[in-house]
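User: I would like to go through this model and ask, for several of its labels, what value stands behind each one. Please set the value against the cut-off wherever a conclusion depends on it.

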Amino acid sequence: MKQGIRLIVNGDPCEVMVKPSETLLDVIRDKIGLIGTKKGCDVGDCGACVVLIDGIAVSSCLVLAVEARDKKITTIEGLANGETLHPIQKAFMEHGAVQCGFCTPGMILTAKALLDENPNPTEDEVREAISGNLCRCTGYAKIIEAIQAAAQNS
Amino acid sequence: MKDFEYFEPVTLNEALSLLIRYRGRAKVVAGGTDLLVGMKQGIVNPAYLVNIKKIPGLNHIDYDEKEGFRIGALTTLHMVETSPETESKIGVLAEAAHKVGARRLRNVGTIGGNLCQDTKCLYYAKTYFWGWAPCYQGGGDVCYAVKGAKSCPAMAIAETAPALICLEARARIIGPKGERTVAIEDFFVSAGVTVLAEDEILTAIEIPNPPPHTAGVYLKYSKRGAIDFAIAGAAVVLTLQSGDGVCSNARIGLIGVARTPIRAKRAEGMMRGKKIESDLIDQVAKSASKEARPLGDTYASASYRRTMVEALVKRATTEALAVVTREATG
């Protein structure tokens with residue numbers, strides 16, 4: 001039984017018809033059309049689907065779309081300001097922290113949640129913060145560097 | 001995920017009415033980080049889903065010097081981990097909450113949900129996907145992980161349980177017949193199965209105020225440093241008498257070493273009334289390892305877990321002693 005719900009994604013209200021069983025991840029990608037958020041494991045283990053709900057990092061694959069009604073959702077597409085990249089995005093580019101790019105949206109949003117809460121994290125705190133985001137390409141070193149650089153420059 | 005009817009009750013009574021009306025076909029969802037996984041895997045298929053997150057009064061950490069702690073079942077693990085009161089007074093629970101999953105899972109995962117977690121046996125998880133007949137846990141009459149098992153041998157993996165058991169915590173449960181409390185150590189029946197009836201809801205965890213000079217530690221052994229469930233976990237909480245440093249109370253909570261979280265009662269008894277020294281700790285660890293009844297499963301063998309328990313209890317007791325001695329003299 002579909003119902004109409006309103007999701008506020010990157011500041012824009014979106015009205016979508018959803019079944020209760022649809023996850024926020026699927027609705028963001030398939031109904032709203034924002035495919036920056038990735039589907040990895042779909043069970044909350046890999047971190048590829050991280051979005052921010054009211055500023056808090058969550059696995060969007062484990063959130064039912066109906067639960068996110070009227071909440072402020074931030075996807076990776078919401079970070080840049082027009083053509084100007086967010087400092088974390090710039091740092092990822094400058095430090096070679098992106099290879100295939102699949103983990104990147106989740107990584108960057110997790111980093112944003114970290115830096116919003118702790119603007120000057122130690123390396124251990126950065127490692128701890130991204131410990132739930134899997135990357136098969138980079139070996140994490142450049143990602144950690146990039147996050148630290150972004151913290152420095154802010 | 002199979003379709004279901006979705007409800008967002010705003011009172012406990014509304015939620016209970018739904019669980020009664022749809023008894024056996026309804027499930028409560030809190031954080032969703034456990035239940036939704038099972039629903040996606042096709043092994044848990046409630047026709048009715050009752051989201052209790054809109055019910056006020058279940059998400060809180062209250063502390064009173066006489067009454068102790070009352071932690072609402074919907075309190076997120078992140079809140080449990082970072083609340084100044086839990087950190088300072090029942091640090092072992094904050095430590096245990098911190099070791100669950102990852103930050104983003106702790107942001108939404110609740111302490112109540114952690115206790116009610118379903119088993120993570122890989123065979124159970126894949127039964128529907130592989131098109132096999134359900135195993136015991138899925139309502140069938142076979143076990144694919146352990147040949148010839150007469151019932152589900154999986155182990156409960158509620159990681160906050162050892163710490164809660166050590167803190168003598170009780171679960172507050174509400175149902176159509178009213179409220180009741182159950183000691184956490186009696187809350188578990190087997191992996192994914194608790195004493196909660198189909199029409200009951202866990203509302204709070206109550207923890208008595210720890211006596212002075214009480215502190216503890218929770219150690220977790222897992223293959224990976226993050227995200228992984230524990231292969232074995234040990235919480236040790238010690239109370240020292242002031243003045244002579246003799247141990248007046250000791251509690252050891254273990255997970256991954258039996259079908260439910262257990263206390264190592266004989267090992268605990270060895271420490272009461274004594275001054276704890278390293279020889280005693282070795283004996284305590286050996287006793288705890290013998291009291292463990294681990295089963296081999298897809299993650300580790302029984303003998304490996306038994307060995308791990310001994311090491312974990314030895315380390316946890318040593319560290320707990322250091323923490324409580326510091327706190328008693330500092």
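User: In which helix do A:Lys142 and A:Glu145 lie, and how many residues apart are they?

Analyst: This is a predicted model, and in it both A:Lys142 and A:Glu145 belong to helix α5 (residues 141–153) of chain A, where they are three residues apart, about one turn of the helix.

User: What makes the contact of A:Lys142 with A:Glu145 a salt bridge?

Analyst: The label requires a side-chain nitrogen of Lys or Arg within 4 Å of a carboxyl oxygen of Asp or Glu. For A:Lys142 and A:Glu145 the closest N and O atoms are 3.5 Å apart, so the pair meets the criterion of 4 Å. As for exposure, the class "partly exposed" runs between 20% and 50% relative accessible area; A:Lys142 at 37% is therefore partly exposed, and A:Glu145 at 35% is partly exposed as well.

User: Why is the salt bridge of A:Asp42 and B:Lys40 said to join two chains?

Analyst: The side chains of A:Asp42 and B:Lys40 meet with an N to O distance of 2.8 Å. A:Asp42 is placed in the loop between α1 (24–31) and β3 (50–53) of chain A, whereas B:Lys40 is part of helix α2 (residues 35–40) of chain B, so the pair joins two chains. A:Asp42 has a relative accessibility of 21%, and because the buried class ends at 20%, A:Asp42 counts as partly exposed. Over all chains, a search of the whole structure finds 31 salt bridges.

User: How do you know that B:Arg251 and B:Glu185 link distant parts of the chain, and is each of them buried or partly exposed?

Analyst: Their salt bridge has its closest N and O atoms 3.4 Å apart, and the two residues are 66 residues apart, with B:Arg251 in strand β13 (residues 247–255) of chain B and B:Glu185 in the loop between β7 (178–183) and β8 (188–190) of chain B. B:Arg251, at 9% relative accessible area, is under the 20% limit and therefore buried, whereas B:Glu185, at 25%, is partly exposed. Both residues also belong to a network of salt bridges in chain B, whose other members include B:Arg263 and B:Glu268.

User: Why are β11 and β14 of chain B described as standing at the edges?

Analyst: Four strands of chain B form an open sheet in the order β11-β12-β13-β14, with antiparallel pairing. β11 (214–221) and β14 (262–263) each have a single partner strand, so one side of each is left without a neighbour in the sheet. Helix α5 (residues 91–98) of chain B packs on this sheet, touching β11 and β12 of chain B, and its direction makes about 15° with that of β11(B).

User: What makes β11(B) and β12(B) a pair of strands?

Analyst: Two strands count as paired if DSSP finds at least two bridges between them, and β11(B) is joined to strand β12 (residues 232–240) of chain B over eight bridges in the antiparallel sense, so the criterion is met. One of the matched positions is B:Val217, whose bridge partner in β12(B) is B:Val236.

User: How many bridges join β3(A) to β4(A) and to β5(A)?

Analyst: Four bridges join β3(A) to strand β4 (residues 56–59) of chain A in an antiparallel arrangement, and two bridges join β3(A) to strand β5 (residues 72–74) of chain A, also antiparallel. Two bridges are what the definition requires at the least, so β3(A) and β5(A) still count as paired. A:Ile53 has A:Ile56 as its bridge partner in β4(A) and stands opposite A:Ile73 in β5(A).

User: Why is B:Ile227 called buried, and what is notable about its phi?

Analyst: The relative accessible area of B:Ile227 is 16%, under the 20% cut-off, so the residue is buried. Its phi is near 70°, a positive value in a residue other than glycine, and B:Ile227 sits in the loop between β11 and β12 of chain B. A:Asn10 also has a positive phi, of about 50°, although it is not a glycine; A:Asn10, with 26% relative accessible area, is partly exposed.

Methods. Residues numbered from 1 in each chain as written. Chains lettered and ligands numbered in written order. Predicted model: local features only at pLDDT ≥ 70, side-chain atom pairs only at ≥ 80, totals over all residues. Heavy atoms only, no water. Contact = heavy atoms within 4.5 Å. Axes fitted to C-alpha atoms, helices over the stretch in contact; angles between N-to-C directions. Buried < 20%, exposed > 50% of the residue type's maximum accessible area, 1.4 Å probe, protein only.
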